[in-house]
Amino acid sequence: MKTKHKLAGISRREAMRRGLLGAAGLWLARGLDFPAFAAAGPPPARAKAVIQIWLWGGACHLDTFDPKPEAGNDYCGPFKTPIETNVPGIKICELLPLLAKQADKYSLIRSMTHGNNAHETASYMVQTGRPAGGRDVFPCIGAVVSLFKGYDAGYRGLIPPYIVLTEPQGRFSEAGFLGSRYKPFATGGDPAKTPFAVEGVVAPGISEQRQKDRRDLLQKLNTLEHALPGNAQLAASDQAEQQAYDLILGDAGKVFDLSQEKDELRTQYGKNTFGQSCLAARRLVEKGVPYVTINYNGWDTHKQHFQEMRRKLPELDKGLATLLQDLSDRKLLDSTIIWCCGEFGRTPKVQWEEPWNGGRGHWGKVFSALVAGGGFKGGHVVGASDAKGEEVKERPVYPVDLIGSMYELLGIDGDAKLPNPGGLDLRVLPTVADGVKSGGLLKEIM
Amino acid sequence: MKKTAISALVLTAVLTGTVAVRAQTGLYESPAKLAPESEIDQLVFNRLKQLDIQPANLCSDAVFVRRAYLDVIGTQPAARDASSFILDRDPNKRAKLIDQLLARDEFADYWAMKWSDLLRVKAEFPIDLWPNAAQAYHHWIRTAIEENQPYDQFVRDLLTASGSNFEVGQANFYRAMQNRDPKGIAQTVALTFMGARADKWPTNQLAGMAAFFSQVGIKTTAEWKEEIVFFNPASTNAQATATFPDGTTVKLSTDRDPREVFAGWLIDPKNPWFARNIVNRAWFWLLGRGIIQEPDDIRPDNPPSNPELLAYLEKELVASHYDLKHLYRLILNSQTYQLSSVPRSNQPAAAANFASYPLRQLDAEVLADALCEITGTTEKYSSSIPEPFTFIPEKERSIALPDGSITSSFLEMFGRPPRDTGLESERNNRPTANQRLHLLNSSHIQRKIEQSEKFKYLLKTRDNPRDVVAGLYLAILSRFPTENELQIAVGHFPTDGADNRAAALDVAWALINSAEFLYRH
């Protein structure tokens, strides 16, 4: 336990202050709470898949899962009447009535924190559990799951193991030093349109016959390949091509054909890009895809914040609530983690002045996350923010705590090595020596 | 437009069948006998003989013209340039082409791109140069390459740079690293200019070298994101002595920047590290594999596959006063470089001893440019910091993008390096299923083919399917089709001439998806 040794010079009180100790006692960001790993290998997996709902831009905690009506108009704006959920004592924003009926299925973390207010560095921190600015660019959780649950781990699906609906986040290297092989497959297209033109899989305007004719033509005209039988590079490329054609011409690609679902259900999800992305995510998880990110943008509301929330929150409400219910109905919720948050929260005190006219800025000091399924208990609230939603009041949850908890539920060993070009000893989870702050795994809801 | 048009001479030749290549060997291999004359060839072929490895034949002119363009200027030859080279009867045409290519503007673009990978020219996380600094840094690198600045001076300028990141481009060398403490700087310097992974060195060796960088200061100014690199003898890190990687210890004085002392040692012609690193990299860049492999992992227990060859190249570089173009010219003119990619030996040691030219998937940027050039389309790039967004002119080539943060999902899918570490292996040219899916069937590629003005023009001006096919072959594969290929491709056209367009686009699609287009060969 080298990490324990590093902590030896610090008093317990000091360690507590620095956020190094968690509720369960001494928690080394890596190793702590994973004491069995060293001897017994990875923990048993409870979750098979993850659906990440990424609120790109940073959703306001006060206007979603951590309402503060007592803080007054300058903080809560027009949203003054949070609603009761089906779990006594838990209230959420009034614009989320459907999610209010599903609160027994999810838990809310109201004390997420990292203190960073820049999109790209905060995105990195929340999705890797690492501090930004280190020497190495670590992969995000999706790429790590792709590494440990994807093709290298016996995944045989034709659908790539790590999918993003529909566009990548941009200014964010999902795979980090793992490289392009672990990048997500971005579907492109729009699931709310028919057909959902998944980039590379569904090409509107090219008939199946023409696809087959073209493939024949390519094989006949591939002269260099014929001149180089047994070339290892070309063999790898051929295998990739075979896989691609199985998707283009075979049945596997039908997973993206949302018209196979009942119209009633499609309507429940919401006939918009986010709602239908939730439906597509369920279908993908059903087919065994281990990691799906719904990159849901439009949350960076510096101006016109409340108008924008009135448009977006009902969309989020429908899509996410239906997803929870649908997964639960299909007995998939127990094996599927859902996590929903953005890179940070938003400035609790409304910026009424020009040029914002009722906007909210970036706020990394405290924000909220929703987690459900895959071994996370429903119906709980973890941690709390202060009366105005400006600071963590109790039980700070740092990104590494959330990421580490998901790894544990997925049976991914936090101490496992990550391959990297420099051949350095880099592990799935950071240690205290990496300068990471931790409040402990989310044991209270696992 | 004019680039796609086939010259009258070529067209006549195609029509009369004199140019359509008949035998496959003639397609990729030259009938000329191997006659090793240059020193490089003697060293390589002697080694192959010792190992009883049969080298490949020389490559054909059609292969050479495409290869030379792609390797030297990261650009595929226009149809017209390929055909006139192939039909040129001048026995010295290969040497002449090499000289022409080394003088082209795209040479500076392409090699500035490669150096920007190694020197990590990137505005955003984790390198965080900021756009105007990335531009200044790239501009300095490109200018040095364009002017063929001697390599020792290029390195000296980078190592001893001081000043504002916005004004003194090369000063960004010290900012373009994630770890800016003296050890981190020493590791980066060792990697970049010695091809060595200093994290594997004994700790005192690294600490000794780090001391040379213990007085590098960086201070901010009133200008947003401006930083000044300066010699700071008052640094809290400052050390009194420093030790070169060869074990020699020197005293540091407060009136001389220790970086200058280090640079003086590094670029000394007697320093074995310095020339070795760069000649080995140059060989790796042109031949796909280092004489020491990996090219940036030079250490005593990773010996060169051909020590005499390496020593010869080092000697040549030093004697030419570190003229990198001289080095490229030597390598490009060798028969070793001009071997075919069709191997004649399956011995495991063949690849490490350069018995044939290895297949390599095109660099992401080169592929993007080639697709644009063939179809006459463009790509959109923009920088999202600082707001408002900066849009790159659509005519600008992908190889000329200055900043690693200006990118696209296409470039990343095809293995463009993130410019985080400066390791050569960051560039990943291995094929993946996602890449195949994209090229075979994405709307991006379909659109380029469907909307291609160049293909439209070709169809409008050549009503005979044979001419259309020949035009497509020259534009996409830089060569004439064989008679067999012509028959297959023309056979894909409807007999009643009803929809030549769909058939022609299918042929274009097939050639774009063929190994011959996607790989340097």
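This passage describes a predicted model, beginning with its confidence and continuing with the contact between chains A and B, an open sheet and a helix of chain A. Residues are numbered from 1 along each chain as its sequence is written, while chains are lettered from A and ligands numbered from 1 in the order in which they are written. Because the model is predicted, local features need pLDDT of at least 70 and side-chain atom pairs count only at pLDDT 80 or more, whereas totals for chains, interfaces and linings use all residues.

The model scores ipTM 0.92 and pTM 0.89. In chain B, pLDDT (the predictor's confidence in each residue, from 0 to 100) averages 93, and 95% of the residues score at least 70. Over residues 1-19 of chain B, pLDDT stays under 50.

Contact between the chains, defined by C-beta atoms that are placed from the backbone and lie within 7 Å, involves 48 residues of chain A and 51 residues of chain B. Several helices and one strand of chain A each supply at least two residues of the side that touches chain B, namely α6 (119-128), β8 (185-186), α8 (208-221), α9 (223-227) and α10 (232-249). Helices (H or I, at least four residues) and strands (E, at least two) are DSSP runs, numbered from the N terminus. The most is given by α10(A), with 10 residues. By class, this side of chain A has 24 nonpolar residues, 14 polar and 10 charged. Ala, Val, Leu, Ile, Met, Phe, Trp, Tyr, Cys and Pro count as nonpolar, Asp, Glu, Lys and Arg as charged, and the others, Gly among them, as polar.

Chain A also holds an open sheet of eight strands with mixed pairing, in the order β8-β7-β9-β3-β10-β13-β6-β14. Strands pair if DSSP finds at least two bridges between them. At the edges, β8 and β14 (381-382) of chain A each have a single partner strand, so one side of each is left without a neighbour in the sheet. Strand β7 (residues 162-165) of chain A runs parallel to β9 (residues 291-296) of chain A and is joined to it by four bridges; Leu165(A) stands opposite Ile294(A) in β9(A). With β8(A), β7(A) pairs in the parallel sense over two bridges, and Ile163(A) stands opposite Phe185(A) there.

In helix α13 (residues 305-329) of chain A, 25 residues at 1.5 Å a residue should span 36 Å (1.5 Å times one less than the number of residues), which agrees with the 35 Å between its end C-alpha atoms. Just after α13(A), Lys331(A) takes a positive phi of about 60°.

Note on methods:
Two residues are in contact if their C-beta atoms, placed from the backbone, lie within 7 Å.
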